[in-house]
Amino acid sequence: MYKLVLMRHGESQWNLENRFTGWADVDLTDKGREEARKAGELLKSEGFSFDVAYTSVLKRAIRTLWIALDTMDQMYLPIVHSWRLNERHYGDLQGLNKAETAAKFGEEQVLIWRRAYAIAPNPMKVDDPRFAGNDPRYKKLKPEEIPLTECLKDTVDRVIPVWKDGIAPAIKAGKQVLVAAHGNSLRALIKYLDNLSEDDILKVNIPTARPLVYELDAELRPIKHYYLGDQAEIEAAMAAVANQGKAK
Ligand SMILES: O=C(O)[C@@H](CO)OP(=O)(O)O
């Protein structure tokens with residue numbers, strides 16, 4: 001039996017401000033840093049120790065990983081950064097307030113933009129200053145790999161190669177892997193691992209900086225999964241994520 005730990009980043013500035021984030025490179029709040037520290041404490045107290053970590057190229061996930069590894073006294077770990085683990089690109093919505101968008105376009109429309117499997121928000125324009133093609137960290141990507149918007153299906157398609165070519169072989173080689181990423185890139189991985197239907201993944205909301213343990217069989221099929229920590233707190237944090245798209 002193998003174990004894999006998935007973790008969303010701690011609270012970011014735009015989580016606090018309730019803004020669509022996607023590929024915007026927003027940092028953690030003080031609370032987010034504290035959440036990452038607590039996650040590291042929890043992992044340490046539960047006896048976890050890792051051999052390699054995977055993360056995105058966005059600082060909220062990277063910093064969460066650094067803080068957790070620092071807390072675990074595992075800063076020496078090799079870290080693989082992959083753009084494929086970035087948050088789902090939110091297209092033209094990036095930067096907008098979720099509640100204000102719900103008040104303007106309706107909660108139902110915002111739920112579609114946030115959680116529909118195959119419907120993406122309107123694309124960003126290539127001459128938009130927010131366009132990732134202008135950012136040096138993406139200069140090695142093929143133009144068609146740089147998103148202007150994504151639905152979760154698009155995110156699944158670009159996350160799976162880093163699973164198949166990086167994370168899965170590392171686990172099979174006996175390495176203990178920690179993945180620090182984002183709400184929707186982790187939902188993409190979870191949809192694939194658990195073979196969830198489009199309806200089932202719609203209801204999955206991932207709380208910030210809560211270690212999610214997957215137990216996997218020899219073929220890396222999930223046996224079970226569970227969050228470490230106070231279950232009532234985790235339930236409340238998941239409900240709070242779901243409610244971010246309400247008009248208030
Ligand atoms: O804004 C985002 O990029 C994501 C994660 O914070 O939000 P949501 O849960 O609305 O998909």
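Me: A polar contact is a pair of N or O atoms within 3.5 Å. With that cut-off, which residue offers a backbone N or O atom to an oxygen atom of the ligand, and at what distance?

Reply: The model is a predicted one. In this model, a backbone N or O atom of Thr21 lies 2.8 Å from an oxygen atom of the ligand, which falls within the 3.5 Å cut-off.

Me: Which side chains have a polar atom at a stated distance from an oxygen atom of the ligand?

Reply: Arg8 places a side-chain N or O atom 3.0 Å from a ligand oxygen. For Arg115, a polar side-chain atom is 2.8 Å from an oxygen atom of the ligand. As for coverage, the ligand taken alone exposes 310 Å², and the protein buries 98% of that area.

Me: Which residues surround the ligand?

Reply: The surrounding set includes Arg8, Asn15, Arg19, Phe20, Thr21 and Gly22. It also takes in Glu87, Tyr90, Lys98, Arg114, Arg115 and Asn184. Glu87 deserves attention for a second reason, which comes from a record: the unreviewed UniProt entry carries the annotation "active site" for His9 and Glu87.

Me: How should one read an annotation on two positions that are separated in sequence, and why may His9 and Glu87 be said to gather at one spot?

Reply: Such an annotation may be inferred rather than shown by experiment, and the geometry can be examined separately. His9 and Glu87 span 79 residues in sequence, yet their C-alpha atoms are no more than 10.4 Å apart, so they gather at one spot. Both His9 and Glu87 also belong to the lining of the largest cavity.

Me: Is His9 buried or exposed, and where does it lie along the chain?

Reply: Burial is read from the relative accessible area, with under 20% counting as buried. His9 has a value of 2%, so it is buried. Its place is the loop between strand E1 (2–8) and helix H1 (13–16). Beyond its sequence neighbours within four places, His9 contacts residues including Asn15, Leu28, Arg60, His182 and Ala209.

Me: What is the corresponding picture for Glu87?

Reply: Glu87 is buried because its relative accessible area is 7%, under the 20% limit. Glu87 sits in the loop between strand E3 (79–81) and helix H4 (98–105). Setting aside residues up to four places away, its contacts include Gly22, Trp23, Arg60, Arg158, His182 and Asn184. Arg60 and His182 also appear among the contacts of His9.

Me: Where is Gln94 found, and is it buried or exposed?

Reply: Gln94 is in the loop between E3 and H4, and its relative accessible area of 5% makes it buried. Among the residues it touches outside its sequence neighbourhood are Phe20, Thr21 and Gly22, each of which is listed around the ligand. Other contacts of Gln94 include Trp14, His89, Met124 and Arg130.

Me: How is the sign of phi to be read, and which residues other than glycine show a positive value?

Reply: Most residues other than glycine have a negative phi, so a positive value merits notice. Asp73 has a positive phi of about 55°, and Ala209 has one near 50°. Asp73 belongs to the loop between H3 and E3 and counts as exposed at 65% relative accessibility. Ala209 is in the loop between helix H8 (198–202) and strand E5 (212–216); at 4% relative accessibility, Ala209 counts as buried.

Me: Where does Met72 lie, and which residues does it touch?

Reply: Met72 lies in the loop between helix H3 (59–71) and E3. At 8% relative accessibility, Met72 is buried. Leaving out residues up to four places away, it touches Gly40, Leu43, Lys44, Phe48, Ser49 and Phe50.

Me: How does separation in sequence compare with separation in space for Pro161 and Arg84, and for Asp30 and Phe50?

Reply: The two separations should be read independently. Pro161 and Arg84 are 77 residues apart in sequence, with C-alpha atoms 8.0 Å apart, and they are in contact. Pro161 is in helix H6 (residues 152–172) and is partly exposed at 23% relative accessibility. Asp30 and Phe50 are 20 residues apart along the chain, and 25 Å separates their C-alpha atoms. Asp30 is in helix H2 (residues 30–45) and counts as exposed at 67% relative accessibility.

Conventions: Residues are numbered from 1 along each chain as its sequence is written. This is a predicted model: local features need pLDDT of at least 70, side-chain atom pairs count only at pLDDT 80 or more; totals for chains, interfaces and linings use all residues. Side-chain values use heavy atoms; hydrogens and water are left out. On a 1 Å grid over the protein atoms alone, a cavity is a set of points where a 1.4 Å probe fits but cannot get out, and a pocket is an open set with protein on both sides within 12 Å along at least five of seven lines; lining residues have an atom within 4 Å of a point. Helices (H or I, at least four residues) and strands (E, at least two) are DSSP runs, numbered from the N terminus. Buried means under 20% relative accessible area, exposed over 50%, partly exposed in between (1.4 Å probe, protein chains only). Contact means heavy atoms within 4.5 Å. A residue is near a molecule or strand if one of its heavy atoms lies within 4 Å of it. A polar contact is a pair of N or O atoms within 3.5 Å; within protein, one must be able to donate a hydrogen and the other to accept it, and residues adjacent in sequence count only if both atoms are side-chain atoms. Accessible areas come from the Shrake-Rupley method with a 1.4 Å probe; for residues, only the protein chains shown count as cover.
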